[in-house]
Amino acid sequence: MPEPTPVLPEVLEQIHALPVVDRPLIICDVDEVILHFITHLEAYLDARDLAFLKHEYRLTGNIGRKADQTTLPADDVRRHLLAFFDETSHRQDMVAGADAALRDLSRDWEIVLLTNLPGGHNKPQREKLLSGMGIPYPVLANSGPKGGAVAALAAGRPGPFVFIDDSPTNHSSVSASLPAATQIQFVADARFRGSLLQESHIDLVTGDWQETAAFISGILDQ
């Protein structure tokens with residue numbers, strides 16, 4: 001089990017700027033949850049004769065050259081990821097139903113979007129894109145495992161808490177830092193979702209926003 005992770009000072013500053021609201025809290029990721037990520041990244045990679053080597057949920061060690069399947073070094077993967085977000089973060093497509101589901105949930109829940117966004121300068125573009133889609137909730141830019149940020153967001157609130165994210169690493173981090181959270185592993189791409197093994201701390205694995213909204217709505221009915 002991972003150890004609880006601290007919240008980064010720059011993320012804590014963003015959290016303290018949020019209004020204090022005494023409602024249940026949904027903390028939701030953006031990439032591959034609200035916005036499509038994998039299909040856009042595949043198009044970026046294909047244009048550079050690169051590709052995912054397997055439908056496995058990792059980037060480093062899983063991106064390589066199409067011609068000979070040579071794995072890219074970690075530094076090259078990070079460089080491409082930064083370039084990808086610079087090129088794409090203003091035009092990613094929405095996952096079907098995300099806007100309506102979040103709008104319905106916002107009647108009873110406070111919603112905060114917690115995104116690991118390489119290149120913090122892209123945050124305003126992301127906020128503008130989401131707002132234009134009818135998804136106007138606060139966007140917090142994080143880096144690394146999200147457990148510390150999630151625990152800080154939950155501090156002083158009565159709960160319940162729901163964490164929605166695609167990343168196994170982030171879910172493990174939240175399980176260690178805020179075990180009371182209900183955890184939903186949402187992966188829009190069926191190929192990558194199918195490669196996941198559901199961990200014991202995950203309450204729902206899905207790629208469907210109607211299912212997600214129904215599941216979360218049921219929490220308050222218990």
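The sheet in this predicted model is an open one, with six strands in the order 5-4-1-6-7-8 and parallel pairing. At its edges sit strand 5 (139-142) and strand 8 (204-206), each of which pairs on one side only. Going from one strand to the next, the twist averages 20°.

Take one pair from that sheet: strand 1 (residues 25-28) runs parallel to strand 6 (residues 161-165), and four bridges link them. Within this pair, Leu-25 faces Phe-161 of strand 6.

Now for the helices. Helix 7 (residues 168-177) packs on the sheet, where it touches strand 4 (110-116), strand 6 and strand 7 (182-186). Helix 9 (residues 209-221) lies across strand 1, strand 6, strand 7 and strand 8. Here is how each helix is oriented against strand 7:

| Helix | Strands touched or crossed | Angle to strand 7 |
|---|---|---|
| Helix 7 (residues 168-177) | strand 4, strand 6, strand 7 | about 180° |
| Helix 9 (residues 209-221) | strand 1, strand 6, strand 7, strand 8 | about 175° |

On to a loop residue. Gln-92 belongs to the loop between helix 3 (74-88) and helix 4 (98-105). Is Gln-92 buried or exposed? Its relative accessible area is 1%, so Gln-92 counts as buried, the cut-off being under 20%. Leaving aside residues up to four places away in sequence, Gln-92 touches Asp-31, Leu-35, His-36, Phe-37, His-40, Phe-85, Arg-126, Leu-129 and Met-133. With one of these, Arg-126, there's a polar contact between the two side chains, at 2.8 Å.

Note on methods:
Residues are numbered from 1 along each chain as its sequence is written. This is a predicted model: local features need pLDDT of at least 70, side-chain atom pairs count only at pLDDT 80 or more; totals for chains, interfaces and linings use all residues. Side-chain values use heavy atoms; hydrogens and water are left out. Two strands pair if DSSP finds at least two bridges between them. Helices (H or I, at least four residues) and strands (E, at least two) are DSSP runs, numbered from the N terminus. Axes are lines fitted to C-alpha atoms, for helices over the stretch in contact, and angles run from 0 to 180 degrees between N-to-C directions. Contact means heavy atoms within 4.5 Å. Buried means under 20% relative accessible area, exposed over 50%, partly exposed in between (1.4 Å probe, protein chains only). A polar contact is a pair of N or O atoms within 3.5 Å; within protein, one must be able to donate a hydrogen and the other to accept it, and residues adjacent in sequence count only if both atoms are side-chain atoms.
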